[in-house]
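This briefing looks at aromatic contacts, pockets and the nonpolar core of one protein chain. Please keep the sequence and the structure in view while reading.

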Amino acid sequence: MSLLPVLRYPSVPELVAFAAALAAQEPGLCALRQVGLSRAGRPLHLLSVGHARRSVLVVAGAHANEPTGGSTLRKLAEQVLAERELRTGTSWHFLLCADPDGASLHVTPAPSSLLDYHLGFYRPTGAEQPEWAPSVLPPDRLPPETRALTGVIDELRPYLQVTLHGTDLGGSWVQLTKDVPGLAEPFAKSAAQLHIPVETGAADAAGWPASGPGVHVMPSPDSRTAYPSMPDDARHSTWYHVHRYGGLTAVVEVPMWASDLVDDPAPHPAPEAALRRLAARLLRDAVEVEGVLTEALPRLDGADGPLLRAARWALELIPGLAQDWIQTQPAGTTMAYVGSVDAFGRRLPLRAAAMLLRVLRETDDRTAPRLENLVASWCEAFAVRFRARWVPLEHQVEHQARTVLVAAQQAREGVA
């Protein structure tokens with residue numbers, strides 16, 4: 001259901017080597033330094049271009065399973081270095097990878113299909129994600145990656161932080177902690193030029209106001225959430241840390257595989273009934289994965305590695321999320337919103353199953369073939385239902401980079 005990618009996503013060591021070469025090539029303009037260590041002792045690196053006090057911070061690799069950001073970061077760093085006007089009065093700083101431990105566990109640098117992507121899938125628990133940890137942990141228990149990121153923000157005080165995210169299948173959208181007037185039109189134009197759908201009803205931004213199609217502005221920290229059961233509340237993430245310095249954060253999402261089902265603004269004929277059906281399917285899928293886990297767990301000798309922790313955490317989210325869809329008023333009523341929720345509902349148990357499958361394969365457990373069939377069938381159904389088509393990596397990167405540059409320009413004019 002997809003085209004074979006013609007390029008691969010860079011690894012963290014490759015990004016570090018690229019940044020080191022850039023710093024060696026232009027020592028007067030560029031500097032590469034270590035700004036922290038991960039829980040496993042891996043270094044976190046920051047590449048800086050320019051010396052102006054006013055700054056932009058670009059963060060890649062916050063989610064291990066969203067690899068486009070590394071490629072985009074590389075393009076942006078080269079472009080900022082080559083085009084003097086981009087760094088006139090503004091310095092640019094690039095956190096090469098916010099979660100190098102996670103990046104070492106997500107092992108699909110050039111996926112040829114959704115199945116291929118999921119066979120090497122890893123996404124950590126909320127408490128182990130650098131940006132999300134403050135929403136689920138007290139300040140004295142934050143992981144070192146989070147402390148490194150907020151330390152960089154405290155040092156640089158950027159007027160704009162851009163964090164580069166992505167989705168496996170769907171469309172492109174932007175999440176803003178404050179509105180950036182003038183962003184929506186060029187964002188939509190770029191997506192159209194590159195044949196990338198705009199996810200106008202993104203489940204990740206359910207209930208948020210929009211300043212334009214696919215450009216969502218986060219609600220205030222005291223407002224009601226669309227999914228009350230979800231612990232990782234964006235309003236308490238590191239995205240808001242820049243606000244203490246008058247800045248804002250833009251989260252730029254791009255898809256690996258595109259689907260036009262998330263770009264349909266037409267009203268859905270029965271959104272409440274649709275969400276109830278999706279909730280029922282979500283619960284059924286979770287039961288299938290939990291059945292395999294329950295059977296295999298006694299043979300895993302009390303294993304508690306990151307893959308198993310993440311799989312169990314994803315499963316724990318499902319009952320509450322299903323109840324949110326059943327009991328609360330739908331946050332959106334368009335075909336696009338229901339499509340986005342449909343994708344979300346397929347994604348969560350599939351990810352849990354994929355990570356559990358990796359654990360079972362490593363231990364050669366007898367339940368692995370059963371789970372292999374489940375993961376394969378779910379990936380195929382996902383691709384077929386959403387008519388998935390591969391977005392060439394160069395298009396993913398171009399669209400994300402364009403959006404970052406427009407956001408930087410428009411946000412700068414807002415604070416000038």
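Is Tyr-117 buried or exposed? In this predicted model, Tyr-117 has a relative accessible area of 0%, which is under the 20% limit, and is therefore buried. The points below begin with the ring contacts of this residue and then turn to the pockets and the core.

**Aromatic contacts**

- The count of aromatic pairs comes to seven; in one of them, the ring centres of Tyr-117 and Phe-121 are 5.8 Å apart with the planes at 70°, and because an angle over 60 degrees counts as edge-to-face, that is how this pair is classed.
- Phe-121, like its partner, counts as buried, since its relative accessibility is 0%.
- Tyr-117 also pairs with Trp-257, where the centres are 6.3 Å apart and the planes stand at 70°, so this pair too is edge-to-face.
- The pair of Tyr-117 and Trp-257 links distant parts of the chain, given that Tyr-117 belongs to helix α4 (residues 114-119) and Trp-257 to strand β9 (residues 248-258), with their positions 140 residues apart.
- Both Tyr-117 and Trp-257 are buried, and ring pairs join these two with Phe-121 and Trp-390 into a cluster.
- A charged group also meets a ring, in that Arg-385 lies over the face of Phe-386 at 5.6 Å from the ring centre.

**Largest pocket**

- The largest pocket holds about 830 Å³ of space, and its lining is made up of 38 residues, with Trp-132, Asp-204, Met-230, Asp-232 and Phe-344 lying nearest the centre.
- Strands β5 (160-170) and β6 (173-176), together with helices α9 (306-327) and α10 (335-362), each contribute at least two residues to this lining, and the largest share, six residues, is supplied by α10.
- By class, the lining of the largest pocket consists of 19 nonpolar, eight polar and 11 charged residues.

**Second largest pocket**

- The second largest pocket contains about 400 Å³ of space; 27 residues line it, and those nearest its centre are Pro-10, Ser-11, Val-12, Ala-103 and His-106.
- Two or more residues of the lining of this second largest pocket come from each of α1 (12-25), β2 (43-49), α2 (68-82) and α3 (100-105).
- The lining of the second largest pocket divides into 15 nonpolar, nine polar and three charged residues.

**Nonpolar core**

- As background, nonpolar side chains in soluble globular proteins tend to be buried together.
- The largest nonpolar core has 67 residues, among which Tyr-227, Trp-325 and Leu-356 touch the most other members.
- Elements that each supply at least two residues of this core are α4, β9, α8 (271-296), α9, α10, α11 (368-385) and α12 (393-415), and the largest share of the core, 15 residues, comes from α10.
- Helix α10 thus appears twice in this account, since the largest share of the lining of the largest pocket and the largest share of this core both come from α10.

**A contact between distant positions**

- Leu-164 is located in strand β5, and because its relative accessibility is 1%, under the 20% limit, Leu-164 counts as buried.
- The C-alpha atoms of Leu-164 and Val-252 are separated by 5.4 Å, although the two residues are 88 residues apart along the chain.

Methods
Residues numbered from 1 in each chain as written. Predicted model: local features only at pLDDT ≥ 70, side-chain atom pairs only at ≥ 80, totals over all residues. Heavy atoms only, no water. Phe/Tyr/Trp six-rings, centres within 6.5 Å; stacked < 30°, edge-to-face > 60°. Buried < 20%, exposed > 50% of the residue type's maximum accessible area, 1.4 Å probe, protein only. Helix = DSSP H or I, 4+ residues; strand = E, 2+ residues; numbered from the N terminus. Lys NZ or Arg CZ within 6 Å of the ring centre and 35° of its normal. 1 Å grid on protein atoms, 1.4 Å probe; cavity = no way out; pocket = protein on both sides within 12 Å on 5 of 7 lines; lining within 4 Å. Points joined across faces, edges and corners; volume = space filled by probe spheres on them. Nonpolar A, V, L, I, M, F, W, Y, C, P; charged D, E, K, R; others polar. Core = buried A, V, L, I, M, F, W, Y, C linked by side-chain atoms within 4.5 Å.
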